Every structure is written in structure tokens, then in C-alpha cells.
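Me: I have just opened this one and I'm new to it. Could you walk me through it, starting wherever you think is easiest to follow?

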Amino acid sequence: FVVGGCNRQSPPRCFRDVHVLNTASMTWRKREVTGVAPAQTGTSSAFVGSKVYVFGGYSGVMQNTTFVLDTTTNTWSQMMASGGVAPRQNAAMAKGLGNTVYLFG
């Protein structure tokens, strides 16, 4: 999965697209999704089960939002986490393990 990203124009244009690579045929296709997707660059992403968790990034300002893409329903949602909120970050590393997403950086 490739989610969003921005081009290098001035000002940059950020995208909300989701593209999927079929590794058997080595072909890309755009996946149609619903809901509000992040439109930023430098996000951190991790899979947990059938969901992709996308954190942080940059869209003119550093972000600390979390979005979730459910790959079974192709639906985006913004997640409101409890506890201490992670600081605004760009280009951190994320890893899903069990039911937990670990964020480094």
C-alpha cells in the first residue's frame, strides 16, 4: 500500500490516493476508498490485522493525527487515541505487533 504523499511543486500539493502493488503480477492499481484520508507527506504507517494505521506527517505543519484504513471495507476514519498523545512527527518509523503499534523517532 502507498498512501498519499506530496509533490515538490511550490506550494506542494498533497494527495489522498491509495495505491496497491500486486507482488505476483508486479502491477499497481489505485484502490477506491471512502472516508477522510490523510493528505500529508512523511507519515508513519503500520499494519495491524487488516487495518493500516497512519500517524503524523507534514502538510505545511507537523501533524500528530492518526488515521486508520480498514482494508476489508476500504474505509478511512480518524482515530482518537486515549492517554498521552504522541508529539507531532514527520518521517518516524512505525511497526505493528499484535494489537499494538510502536512508533520510533
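**Strands, core and pocket**

Reply: Let's start with strand β5 (residues 51-55), which pairs with β6 in the antiparallel sense over 5 bridges. Please keep in mind throughout that this is a predicted model. To place the pairing on residues, look at Phe 55, which stands opposite Thr 66 in β6.

Me: And which strand does β6 pair with over 5 bridges, apart from β5?

Reply: That would be strand β7 (residues 75-79), and β6 and β7 also run in the antiparallel sense, with 5 bridges between them. A pair of residues to look for here is Phe 67, which stands opposite Gln 78 in β7. The hairpin of these two strands has 4 residues between them, and in it Asn 74 takes a positive phi near 55 degrees.

Me: What sheet do these strands belong to, and in which order do they come?

Reply: They belong to an open sheet of 4 strands, ordered β4-β5-β6-β7, with antiparallel pairing. At its edges stand β4 (44-48) and β7, and because each has a single partner strand, one side of each is left without a neighbour in the sheet. Neighbouring strands of this sheet are turned by 25 degrees against each other on average, if direction is ignored. At the β4 end, 5 bridges join β4 to β5, and Phe 47 stands opposite Val 52 in β5.

Me: Back to β6 for a second: how many of its residues are buried?

Reply: In β6 (residues 66-70), 5 of the 5 residues are buried, so the strand is largely enclosed by the rest of the structure. Thr 66, Val 68 and Asp 70 point one way from the strand, while Phe 67 and Leu 69 point the other way, and all of them are buried.

Me: Why would they point in two directions like that?

Reply: In a regular strand, side chains alternate between the two faces of the sheet.

Me: OK, new topic. Which residues make up the largest nonpolar core?

Reply: The largest nonpolar core has 8 residues, namely Val 3, Val 18, Ala 37, Val 52, Val 54, Phe 67, Leu 69 and Trp 76. The elements that give two or more residues to this core are β5 and β6. If you want to follow one member in more detail, take Leu 69: leaving aside its neighbours within four places in sequence, its contacts include Phe 1, Val 18, Val 33, Val 52 and Trp 76.

Me: What about Thr 71, is that one buried or exposed?

Reply: Thr 71 lies in the loop between β6 and β7, and with a relative accessible area of 18% it is buried, because the cut-off for that word is under 20%. Beyond its neighbours within four places in sequence, Thr 71 is in contact with Phe 1, Arg 31, Phe 47, Ser 50 and Val 52.

Me: Where does Gln 63 sit, and what does it touch?

Reply: Gln 63 has its place in the loop between β5 and β6, and at 14% relative accessibility it counts as buried too. Once the neighbours within four places in sequence are set aside, Gln 63 is in contact with Gln 40, Gly 56, Gly 57, Arg 88 and Gln 89.

Me: Which strands form the sheet of 3?

Reply: Those are β1, β2 and β3, which form an open sheet in that order with antiparallel pairing. Here β1 (2-6) and β3 (27-31) stand at the edges with a single partner strand each, so one side of each has no neighbour in the sheet. The twist averages 40 degrees from one strand to the next. Strand β2 (residues 14-22) and β3 pair over 5 bridges, and the bridge partner of Val 20 in β3 is Arg 29. In the loop between β2 and β3 you will find Met 26, which is exposed, with a relative accessible area of 57%, and which has a positive phi near 55 degrees although it is not a glycine.

Me: Last one: what volume does the largest pocket have, and which residues are closest to its centre?

Reply: The largest pocket has a volume of about 390 Å³. It is lined by 18 residues, and the closest to its centre are Phe 55, Thr 66, Met 79, Ala 81 and Ala 86. The elements that give two or more residues to this lining are β5, β7 and β9 (100-104), and β5 gives the most, with 3 residues.

Methods. Residues numbered from 1 in each chain as written. Predicted model: local features only at pLDDT ≥ 70, side-chain atom pairs only at ≥ 80, totals over all residues. Heavy atoms only, no water. Buried < 20%, exposed > 50% of the residue type's maximum accessible area, 1.4 Å probe, protein only. Pairing = 2+ DSSP bridges. Axes fitted to C-alpha atoms, helices over the stretch in contact; angles between N-to-C directions. Core = buried A, V, L, I, M, F, W, Y, C linked by side-chain atoms within 4.5 Å. Contact = heavy atoms within 4.5 Å. 1 Å grid on protein atoms, 1.4 Å probe; cavity = no way out; pocket = protein on both sides within 12 Å on 5 of 7 lines; lining within 4 Å. Points joined across faces, edges and corners; volume = space filled by probe spheres on them.
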